[in-house]
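Okay, thanks everyone, let me put the next one up on the screen. I'd like to talk through a few charged side chains and who they pair with.

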Amino acid sequence: AATIAESFRVYDRISVTHHMGSTTFKGSLLQLPLATAHCVIILGECKVENEDPIAVDSRSLTSAIALRGVQHQQPLVGPQCGSTATKKKKRFKLVTELLDPKTQQVVEHHDGLRQLGSFAYSASLETGMFVMGSADKRVYNVVMQLLSPDVGITPQITATPVKHFLHAEKEMLSFFDLQTRVLRRCGGVLLGWRLSSDRYAALNPAKTEEWLWSAASKDLLLIL
């Protein structure tokens with residue numbers, strides 16, 4: 001019981017606040033604390049059963065466009081710790097889920113939409129996972145463990161500082177070298193990494209190429 005209680009302490013700093021309103025109406029979006037937001041995620045949810053995915057995507061894109069418009073109308077963050085200087089307003093990260101492949105084609109050929117933020121194509125990801133699973137039984141078993149809620153231990157993907165797997169301040173290590181250390185230390189599977197100098201994570205990188213890793217860096221390993 002004590003172990004379970006300790007595992008939930010990491011959520012003590014998280015609070016949930018509900019805001020009711022239309023996701024496409026600027027008046028409702030203005031009530032959101034966008035001025036202090038770091039990231040906004042728009043999920044593609046159906047309002048009615050069997051709603052056309054294109055209709056869901058249209059609503060999601062409308063919300064994304066409205067959010068960027070509202071962001072410029074919100075006030076700057078006020079001064080902190082008695083300072084008279086006003087903190088500069090920061091552009092939050094925007095991630096939008098899209099369901100229909102046709103919408104993906106529209107976004108890829110429209111510069112204005114691509115500049116709104118990042119897009120997650122959930123249907124493409126699901127299809128790709130099951131295609132890989134059908135080709136390799138080992139991949140299939142991993143996919144089933146990730147999707148099944150009935151397994152004894154729910155698999156989790158974590159981002160862990162690389163310094164925990166280094167034996168010196170600096171080392172030249174390949175993907176295979178790091179995977180061996182990850183497996184020995186925590187029994188995990190190395191999926192890739194996110195370098196502090198890169199904007200996006202690198203999944204399934206080159207396996208034999210060696211990289212210079214530093215314990216002083218903020219590089220993260222993505223582990224399953």
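So, let's start with Arg59, which counts as buried because its relative accessibility is 17%. Keep in mind that this is a predicted model. What does Arg59 meet in a salt bridge? That would be Glu51, with N to O at 3.0 Å. Glu51 is buried too, at 16% relative accessibility.

How many salt bridges does the structure hold in total? Three, so let me go through the other two.

Next up, Asp111 and Arg114. Their closest N and O atoms are 2.4 Å apart. These two sit three residues apart in helix H5, residues 111-114, so about one helical turn separates them. As for burial, Asp111 is partly exposed, with a relative accessible area of 48%, and Arg114 is partly exposed as well, at 38%.

Then there's Arg181, over in helix H8, residues 175-186. Its salt bridge partner is Glu171, and the closest N and O atoms there are 2.9 Å apart. Glu171 lies in strand S5, residues 170-173, so this pair ties together parts that are 10 residues apart in sequence. Both residues are buried, with Arg181 at 17% relative accessible area. Leaving out residues up to four places away in sequence, Arg181 also touches Phe165, Leu166, His167 and Leu173.

Last one: Lys93, in strand S2, residues 93-98. Buried or exposed? Exposed, because its relative accessibility is 55%. Beyond its neighbours within four places in sequence, Lys93 is in contact with His38, Cys39, Val40 and Arg68. And its C-alpha is 8.5 Å from that of Ala37, 56 residues apart along the chain.

How values were computed: Residues numbered from 1 in each chain as written. Predicted model: local features only at pLDDT ≥ 70, side-chain atom pairs only at ≥ 80, totals over all residues. Heavy atoms only, no water. Helix = DSSP H or I, 4+ residues; strand = E, 2+ residues; numbered from the N terminus. Buried < 20%, exposed > 50% of the residue type's maximum accessible area, 1.4 Å probe, protein only. Contact = heavy atoms within 4.5 Å. Salt bridge = Lys/Arg side-chain N within 4 Å of Asp/Glu carboxyl O.
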